[in-house]
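Colleague: Hey, got a minute to walk me through this one? I'd like to start with the charged side chains.
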Amino acid sequence: MHKLPVILLLVLLGLNLRPVMASIGPLTEYLLQSWHLSYSWISLLNGLPIVMMGLGALSSQWLLSRADLRRLLALALIILGISTLSRLFNQNPASMILSSIIAGLGIALVQAFLPIVIKRQWPAQTASLMGMYVSAIMAGAAISAALAPQILHVSNIAWALGGWGLLALPTLLLLLWLVPAMPHTAAANAKVTLKPGRFWRLAGFFGLGTSGFTCMLAWLPPHFIDLGYDATTAGLALSLLSATEVISGLLLSQLAAKSPDRRPWIILALLLAIAGMLCLNAGAQMAWAGVILAGCGVGALFPLSLIACMDHLEDAQSAGILTANVQGVGYLIAGASPILAGMLRDALHDFSMVWLGLALIFVITMGLGCGFDPKRYALHIRH
């Protein structure tokens, strides 16, 4: 395979994975007024896909033992595209929640299987290519958050919520062209695995770190509306966050790729994230600084979490299955955070405790991340 077309494929795949959730935040006020429901209900549109991302990732090894990897990736894209496009035709609460659940499954399968392809095709460039792919995920969130209010203004709510599904078609065509068939008999089993203690450390690290990403994706625009900004500006705040995440994710993941020890970059990312959460809690004057700092921290933490996970095992299939299982448990943890945050917003009428709680979570995450010493990875392998 040629490198540039494959990078384009990774970018397109990443762009597909967040609009179904990121378009909700800037449109929260419109949906609240249309549905006459609470923030807790709106939180399901972001929380349930993330839970499904976890359940889908946990089922990935079973699926790999029964189907070709290329077909599974194509099926995942079709599921994601159709579920997103369904919002063009129906935007009532029940159909929106159903489409969120199905889209979450499609996202889960892409995220579970793609690292296997990357690790297999370019083992020496895994960290760099994973950084590009994950940055594209955050770019998809930025673009959809910025454009959703504009699409609503010039068109209607159907296109603002569902038009993103059209992106799946060119991605699917490029996928079928570039990704070769991979027999499921070769992809089914991990040759080596990690001891349970290290697996749960990785899963907890990914889940707690991703909680910040999922909460901000869901609730940053409503927070800015609470501060007195309009929906368009609130959407731009999420776009600024996502753009900062893209830049930070690319930069720090490329810097981390130059050294086998990722811990200094992980600690830097978490310190920036903590500072960002404290700024968001400090009111309107510090909110924009909070967006930039949190974006720098969370944006780098997401790819670094996946890279640190894949670092533990050399074999592509084993590393891919490990990453899928870590994401599975991690997303189940992270999926609860936007739902709990929505409940806190309903109870307290602001998001202050959400940002303080996330700052504390990042402190705990730092303690977990400090244990990822590459010199000791061999001690945690179970053959």
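Modeller: Sure. Keep in mind that this is a predicted model. D261, R263 and D373 are linked in a network of salt bridges.

Colleague: Okay, which side chain does R263 meet at 2.9 Å, N to O?
Modeller: That's D261, in a salt bridge with R263. R263 also forms a salt bridge with D373, and there the N to O distance is 3.7 Å.

Colleague: Where do D373 and R263 sit in the chain?
Modeller: They link distant parts of it, being 110 residues apart. R263 is in helix 14, while D373 is in the loop between helix 17 and strand 2 (381-382).

Colleague: And is D373 buried or exposed?
Modeller: Buried: its relative accessibility is 17%, and the cut-off for buried is under 20%.

Colleague: How many salt bridges does the count come to?
Modeller: Four salt bridges. One of them joins R345 and D226, with the closest N and O atoms 2.9 Å apart. This pair also links distant parts of the chain, with R345 in helix 16 and D226 in helix 12 (residues 196-226), 119 residues apart.

Colleague: What about cover for those two?
Modeller: R345 counts as buried because its relative accessible area is 11%. D226 has 32%, so D226 is partly exposed.

Colleague: New topic, then. Which residues form a nonpolar patch on the surface?
Modeller: L278, L344, L348, M353 and L356 do, and together they have about 400 Å² of accessible area. Helix 16 (316-348) and helix 17 (352-369) are the elements that each give two or more residues to that patch.

Colleague: Where does L278 lie?
Modeller: L278 is in helix 14, which runs over residues 263-280. Its relative accessible area is 44%, so L278 is partly exposed.

Colleague: Last thing: helix packing. At what angle do helix 4 and helix 7 pack?
Modeller: About 35°, with their axes 7 Å apart. For your notes, helix 4 covers residues 39-58 and helix 7 covers residues 93-121.

Colleague: Is that crossing left-handed or right-handed?
Modeller: Helix 4 passes helix 7 in a right-handed crossing.

Colleague: And which residues make the contact?
Modeller: There's a fair list to look through. From helix 4 they include W41, L44, L45, L48, P49 and G56. On the helix 7 side, M96, I97, S100, G104, A108 and Q111 are among them.

Colleague: Great, I'll go and find those in the viewer.

Methods. Residues numbered from 1 in each chain as written. Predicted model: local features only at pLDDT ≥ 70, side-chain atom pairs only at ≥ 80, totals over all residues. Heavy atoms only, no water. Patch = residues over 30% accessible without salt bridge, like charges linked within 9 Å, V, L, I, M, F, W, Y side chains within 5 Å. Areas by Shrake-Rupley, 256 points an atom, 1.4 Å probe, with all protein chains shown as cover. Helix = DSSP H or I, 4+ residues; strand = E, 2+ residues; numbered from the N terminus. Buried < 20%, exposed > 50% of the residue type's maximum accessible area, 1.4 Å probe, protein only. Axes fitted to C-alpha atoms, helices over the stretch in contact; angles between N-to-C directions. Left-handed = near helix turned anticlockwise from the far one by under 90°. Contact = heavy atoms within 4.5 Å.
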